[in-house]
Amino acid sequence: MPPAHPVAPAQARVTGAYMQPLLEAVAHCGIALQTWAQEAHVAPDVLRRVPDSLAAADYVRLLDAAARLSGNPHFGLQVGQRVRPGTYSVYGLILLSCRDLGQAFEQTLRYEGLAHDLGRSDLRVVQGVAEYRWHSHFPQASAHLAESVFAGVRVFGDWLTGQRLPALQVAFAHPAPAQTHAHRDLFGCEVQFDARSHCARFDAALLSLPVPHADPGMVPILQQHADGLLRQRQPASTSILAQVQASIQRNLARDRATLAVVADELGLTVRTLQRKLAQAQSGFQALLDQVRQDLARQYLQRTDLSLIDIAFLLGFQDQSAFTHAFKEWSGHSPGLYRERLRS
């Protein structure tokens, strides 16, 4: 079955269930809803009755506003620690039915979008070490967003397996706060900041840990329901070109932006996708190059990303391949382009 369809930023949503931990954290801090809404520049009516879903951009503003009003530098961690099985809705039910932690991660990569469009996860295993990464769709958000996500993963993982899961390292791409004791206490391991990405590393043997009381036979049934929900979220009006570009962008950093992977995500055969692109007077390689060009120019404006980082995010094998491609697109090197931006 194809994984979750990509969602355009303007259509990105957060479910009411996923918003609940944030509401609980705000209530615990005693922040008035009117004050919170004003600080976040959202309509107060949004907070008086939890909606079925909320624009992801509004959720990010609400999270950051609540963190400012609370004065708590670890507010994001506290939000994540309030995650419960119901936080993830249907996707959470699938996780509860998985046979082991490895299958739960597989379902996370597929159905994460049913809970929120704040970012996407991936998982790699290299030489016995599993590395979980989370790619935020809102890089301009404060540190509280990534920290709330990772705290939620930590808490839910412990709850899912019935034990405290040991980690080798947790890393965040944002700078370190003044105090990091809360991070060490929660994750129980070394916490690195100013890293290349938001990630957590752990012994790959943990992926075989069973989920107590799981019912693996329910997974296909729940998946059928979840797949239907994913199809409903894909607007019929979205053009094939926009769908392919969105899928390419989501898969670039995973080094999976291939014709076969994109076709699978869109529920099409490779030949059918090629035919549809030809009818739209385009091709896969042309769309791949265009997405890379657009993202490269965005990434080069960010001072926190090195050229090696950008090459990785764009799916190139090394920096030299990225430099060669950028010269073909623009006529000069990415380093020179960045210097001109700064000047």
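Which helices each supply at least two residues of the lining of the second largest cavity? Let's work towards the answer by way of the cavities in this predicted model.

The count comes to three cavities of 30 Å³ or more. The largest cavity holds about 500 Å³ of space, and 32 residues line it. If you would like to find its centre in the structure, look for Phe 105, Tyr 132, Val 153, Arg 154 and Gly 157, the lining residues closest to that point.

Next, consider where this lining comes from. Helix 6 (89-97), helix 7 (101-111), helix 8 (143-161) and strand 7 (198-203) are the elements that give two or more residues to the lining of the largest cavity. Helix 8 gives the most, with 10 residues. As for the character of the lining of the largest cavity, 22 of its residues are nonpolar, six are polar and four are charged.

Now for the second largest cavity, which contains about 50 Å³ of space. You can trace its lining through Tyr 18, Pro 21, Tyr 59, Val 79, Gly 80, Val 83, Thr 87 and Ser 148. By class, five of these residues are nonpolar and three are polar, while charged residues are absent from the lining of this second largest cavity.

That brings us back to the opening question. The helices are helix 1 (16-29) and helix 5 (75-80), each of which supplies at least two residues of the lining of the second largest cavity.

Technical notes
Residues numbered from 1 in each chain as written. Predicted model: local features only at pLDDT ≥ 70, side-chain atom pairs only at ≥ 80, totals over all residues. Heavy atoms only, no water. 1 Å grid on protein atoms, 1.4 Å probe; cavity = no way out; pocket = protein on both sides within 12 Å on 5 of 7 lines; lining within 4 Å. Points joined across faces, edges and corners; volume = space filled by probe spheres on them. Helix = DSSP H or I, 4+ residues; strand = E, 2+ residues; numbered from the N terminus. Nonpolar A, V, L, I, M, F, W, Y, C, P; charged D, E, K, R; others polar.
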